[in-house]
Each structure stands twice: as C-alpha cells, then as structure tokens.
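Here is a short tour of one protein chain, written to be read with the model open beside you. We go from the whole chain to its sheets and cores, and then to a few loop residues.

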Amino acid sequence: MPKNRDGDIVEVPPKDEEELMLEKLVFGDLAGLESNLRKVDNLYDFDDEEEVVEELDDGAEDSDELDDVQDEDLFYIDEGVQDHNDSDLMDEDVSSASDVEEDSEEELGDEDDVWVDSDDEKLNVSLTSSDRLKKLRKTPEDDLISGKAYMLRLRSQFEKIYPRPSWADQLGQDNEENSSDDDIILDDDEEQQQQQQDNYQQNGKSTAALSKLLTSTHQFVVTKQLKLISPSRISITRLKDANYQKLSKGAIQAISFHPTHPILLTAGFDKTIRLYQIDGKTNNFITSYFLRNCPIMSSQFFPQADRNIIYAAGRRKYMNKINLNTGEIEKISRMYGHEQVQRSFESFKISPNGSFIGLIGNSGWFNLINGTTGQWIKGFKIEGAVTDFDFAHDESFVVVVNSAGDVWEFELKGKLSSKSETKISRKWSDDGGIGVTKIKLGGRNNNRWLAIGSNTGVVNLYDRQNFSTSTQPKPFKTVENLVTSISSLTFNPDGQLLVIASRGKRDALKLVHLPSGSVYSNWPTSGTPLGKVTGVAFSPNNEVLAVGNEAGKVTLWRLNHY
C-alpha cells in the first residue's frame, strides 16, 4: 500500500471510467495482446499466405480494383507544381537578357533536369559581387539574375571551355530514334498518375513493345574464334548501372541475359521481374512482371531464343512460366506423386538447350522435369542433402554434390523415364571438401573445367580432361582469396574466366583466369563499388559482366579484351 511522508497508509481511490479508458488506450488490455500475438504467429507463415490473401479478398469488395496493381505503383512522390518556363526571371532589369537565356536553354537540350530545386526560383545572384561572377555577365549592366538563369550561364560557360563532343549529340539522336521507333520507354509520371485506371492497357503496350524488340535484328554478336586473355592483367571498364532507371526494392536474387538479344533480367524478394535493354549508356527499362505472393529466389531466361520465356520461382510449391510474347503467366506444379520429395521450386536451373529443368528436392533427391511441358521425368537419390548441381554443355550428364563434397555424375543420354535405370558415370569426392555450397561446369563446348566452392571461401578447380576412372581427381588449383561462404560461381561462355563471389562480406568477388588458375590482382580493387554480391552473369558474347548486390543495384562491367 502507498504511504505518505509521515509513514501513514494512504488509501488509493478506485479508478474511474475515464482513467480505465485512457489506460487501455495507452497500454492496451489482455484481449488486444492476445489478438496481436495471434497475428505474430502467422507473420512468417508462407505456406498459408495465399489462403489468408483469399480470405481478405472475399471480405473486401473494394480491393478488387487493386488486385493487379503492383506494390510499387500504389504510391508516388508529390513533387509539387513545377514551373518549367525558364524565361520567367525575378528581376525586371534583366528582362533584356531573358531571350538570351531561353535560346541558351534550347541549345543545351530539351531534357528535364534530374534534380529540380524550387528554391532556385526565389534566389537572386549578384554578378558584381566578385570577379569570378563578373565573367558571367552578358552586358556591363547585368547585376541581379535568378537562380535558374545563373545555372544556365554556368553551364554555357562550361561548354565554351569544354565543347560538347560530337558523339554525345549522335547518342542523343540515336536515343530519340530508338524511343520513337521501338516504343520501349514509358513516361514514369504518366504511369504513376494513370496506373490504377489503365493498368491492363499499359501492360498490353509493354508486351507489344517487348515483342517488337525481341523480333528486331539487334542481337549479341558471338564470335566463334577464341581470343586468349592475358593471365596477369584484365582490362575492364565500368558502364552505366543496368537498373538505374528502375531500381529493385530488395536484394538482387537472380540475374539472367537473354540468349540472343541485349536484354537483362533482374528479380528478387520484391516479387518483381524487371527487364532492361542493355547498351551500356542508357539501359532503358522495358517492362516488369509482378508475381503475387511469390518472393523470387531463382529466375532465368529459357535458352531457346525463339520461345521468349522466363521461368521464376520462390519458396513455393510451384514455378512461374512467363510468355514474353503474350504476357501470360502460367503456374507449373506437375509433380504428381512426388510432392513429398519436392516441396519447393526455389532452387532450379535450366539445361543449356532447354530440354530439362533441374530441381533440388528434399532428403537427398534431385528431380528432372521437362523444360517445355513441366512434367516430372525422373528423380535421382544421393546420400546426404543436395547443395547444388549443374548440367553439361551438351546435356549428356549432370553433376550433383552434397555438403560433404561427394560428387555424382548421372548420365542423361537416351530416353529418360521413371522406369529407366539410373546410370552413374562417375562418383568421387572433392579434395578436402567440407561444407560444399556450389558446383559449376565450364569450358567452350567441352565441359573441361569444374569448380567447387565451400562455406570457408575455398574454391577447388579441376581439369576434367585429366580425370581417370581409377584414381581420385585432384584439383590443379585451389583459390583461397575469399574467407566467407561461396554463393556464386560463374564461368564466362568461352570458359576463360571464372567469377567467384560471396554474399557474406562486402566486395567479396574475385576474377580467375583459366587454365592458369591465377587470380587477377588489378580488378576488383579496394575502391570498386560492388557491395555484398548476390548474383553474377556474363553476356552471351563475353563482353559484359553484370554484378547484382544486396542494395538492389546491378553494376555493369565491360571486358575490353572482347
């Protein structure tokens, strides 16, 4: 009981109705706590997510209009009303110079500035306050000018000292022709204002524009002659970020180049697949596909260029098949009778010719489904848990590895069926392999190289031409430049370069030369802005390297050797 200063017990009167209501409002009550606890229990229940969404949709009639609207298009930034009339100067004394400023702006281009500061309209700059500013005067009487006019005069003076190069004018003309001919770029402001009204119409236009781009003759030029790269130094140049026009709202989980056209795919946990036309200069955003209730963990273009199909999957019991020609999205879950050994489609790879799609299953199972129909073909059982796999270039076999470093090579020749005998062409163990995370085959049409990465950052390189059936394979090179778990192993198409990366540490990426196995020391450097690397991909013609990171950016690097 509470006491006063004299030590006497003071009786506290009971709480009135107003105090009880205020206490409940501030601290809550037992019923509210139990309700919130039930919500927390279902917060990460991914399996029941679709059912919860369906129940909410049934009870909310007004939400039907927003079912097909992407999350990123439900909000927009109100930048206020902007006046783009550059002839409005703040001082009447400089009205004679306004015509000159208008002409200067027209000469400098019609493009809107990336950043517009409204305070520029209210700013007055005196051109007689210093000797440096006096150089900006058009006439001896010029004194006060507006902030916008001051900016234009600075730009004009800069271009007098450093004239605009001819290639920049040519680039601007090419961009205008491409945007008008291909109809690829959509106006972001119009899209934000009219998204809820004509979402379906815009999707149709994007699909038509993408189809027109895919039927164009602008394709990757793949040379058949092998150009040998220096093992000691790599010449590489940074290009414009691939997705600077439309950044991802989460970490990049998947990167894939179109097999013939300069189109790059990015996907991640924001449930959105985005496509970009890669030219290294503007990298126009083409279109996006929102997969409802499916945070994407794997996504890839189908290798057959004429099909124009994208496969994407997350931690779900199905896979999404997107037809770029029509914009239709189909769900593939044809694992009839094998659902217990394939509970998620999150880890998949498509074979080089598109005949098979491999899936990492449960309890040591590796499953094959048809690359066209999605029907289950065959399952392979290994010891332990499957950590990774990869297809041979000619689809003659597939290599599967477990966490202990045991490697199985299963033959894929002939007609495969569930009743056909499983043929193991070779089984061996990685040298010192503990905690294996990745395996990758490389080499131009001969699957010569094989790389195995572990959770300690060590990568073993093998030359399969030296394999024999009687002896245990030994790596010809062990790369120990990284110290965290290997999350990416990618060979370039001609098999001369290998990228190893780890998402456990910033800038943890190395470029390895083959067949020497030497690691390039001149790139990346300590100042290379890679971030935590989450995905790597080479273009089909070896010229471009795309690196995605945890911040949602995809940096592009041109290999000058090609």
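Two residues are in contact here when they have heavy atoms within 4.5 Å of each other. With that in mind, residues 24 or more positions apart account for 52% of the contacts in the chain with a separation of 6 or more. Please remember along the way that this is a predicted model.

## The chain as a whole

The chain has 562 residues, and 44% of them count as buried. Its secondary structure comes to 9 helices and 29 strands.

One of the helices is α1, which covers residues 17-27. None of its 11 residues is buried, so α1 lies largely in the open. Right after α1 comes Gly28, with a positive phi near 80°.

Towards the other end of the numbering, UniProt places a "repeat: WD" feature at residues 533-562, in an unreviewed entry. In the model, residues 533-562 are 60% strand and 0% helix, and the C-alpha atoms at the two ends of this segment are 24 Å apart.

## A strand enclosed on both faces

How many of the residues of strand β9 (residues 309-314) are buried? The count is 6 of the 6, so β9 is largely enclosed by the rest of the structure. Ile309, Tyr311 and Ala313 point one way from the strand, while Ile310, Ala312 and Gly314 point the other way, and all are buried.

β9 has a pairing partner in β8 (residues 296-301), which runs antiparallel to it over 5 bridges. Within that pairing, Ile296 is bridged to Gly314 of β9. β9 also pairs in the antiparallel sense with β10 (residues 319-323), here through 4 bridges. Ile309 has Asn323 of β10 as its bridge partner. β9 and β10 form a hairpin, with 4 residues between the two strands.

## Two nonpolar cores

The largest nonpolar core has 20 residues, and the members that touch the most others are Leu210, Ile263, Ile273, Leu275, Ile310 and Leu324. Two or more residues each come from α9 (199-214), β5 (263-268), β6 (272-277), β7 (284-290), β8 and β9. A second, separate core has 19 residues, including Ile229, Ile236, Leu511 and Leu559.

Leu324 is a good residue to click on. Leaving out residues up to four places away in sequence, its contacts include Thr207, Leu210, Ser211 and Leu214, as well as Leu275, Tyr289 and Ile310.

## An open sheet of four strands

Next, look at the open sheet with strand order β20-β21-β22-β23, in which the pairing is antiparallel. Its edge strands are β20 (436-442) and β23, each of which pairs on one side only. On average, neighbouring strands of this sheet are turned by 20° against each other, direction ignored.

Inside the sheet, β21 (residues 449-454) and β22 (residues 459-463) are joined by 5 bridges. Ile452 is bridged to Asn460 of β22. Asn460 also gives a handy reference point for Glu480: the two C-alpha atoms are 8.9 Å apart, with these positions 20 residues apart along the chain. Glu480 sits in the loop between β23 (477-479) and β24 (488-491), and counts as exposed because its relative accessibility is 58%.

## Loop residues worth a look

The loop between β16 (386-391) and β17 (397-402) holds Ser396, and Glu395 is found in this loop too. Which side-chain partner does Ser396 have in a polar contact? It is Asp394, at 2.8 Å. Ser396 also touches Phe410, Glu411, Leu412 and Lys413, not counting residues up to four places away in sequence.

Are Ser396 and Glu395 buried or exposed? The cut-off for buried is under 20% relative accessible area. Ser396 is buried because its value is 13%, and Glu395 counts as buried at 8%.

Two residues other than glycine have a positive phi, and two peptide bonds leading into a proline are cis, as listed below.

| Residue or bond | Backbone angle | Loop |
|---|---|---|
| Ser363 | phi near 55° | between β13 (356-360) and β14 (365-370) |
| Glu395 | phi near 60° | between β16 and β17 |
| Leu514 to Pro515 | omega near 15°, cis | Pro515: between β26 (509-513) and β27 (533-538) |
| Trp523 to Pro524 | omega about -5°, cis | Pro524: between β26 and β27 |

Unlike the buried Glu395, Ser363 is exposed, with a relative accessible area of 59%.

Conventions
Residues numbered from 1 in each chain as written. Predicted model: local features only at pLDDT ≥ 70, side-chain atom pairs only at ≥ 80, totals over all residues. Heavy atoms only, no water. Buried < 20%, exposed > 50% of the residue type's maximum accessible area, 1.4 Å probe, protein only. Polar contact = N/O pair within 3.5 Å; in protein donor to acceptor, adjacent residues only side chain to side chain. UniProt positions renumbered as here; feature names shortened; annotations may be inferred. Pairing = 2+ DSSP bridges. Axes fitted to C-alpha atoms, helices over the stretch in contact; angles between N-to-C directions. Core = buried A, V, L, I, M, F, W, Y, C linked by side-chain atoms within 4.5 Å.
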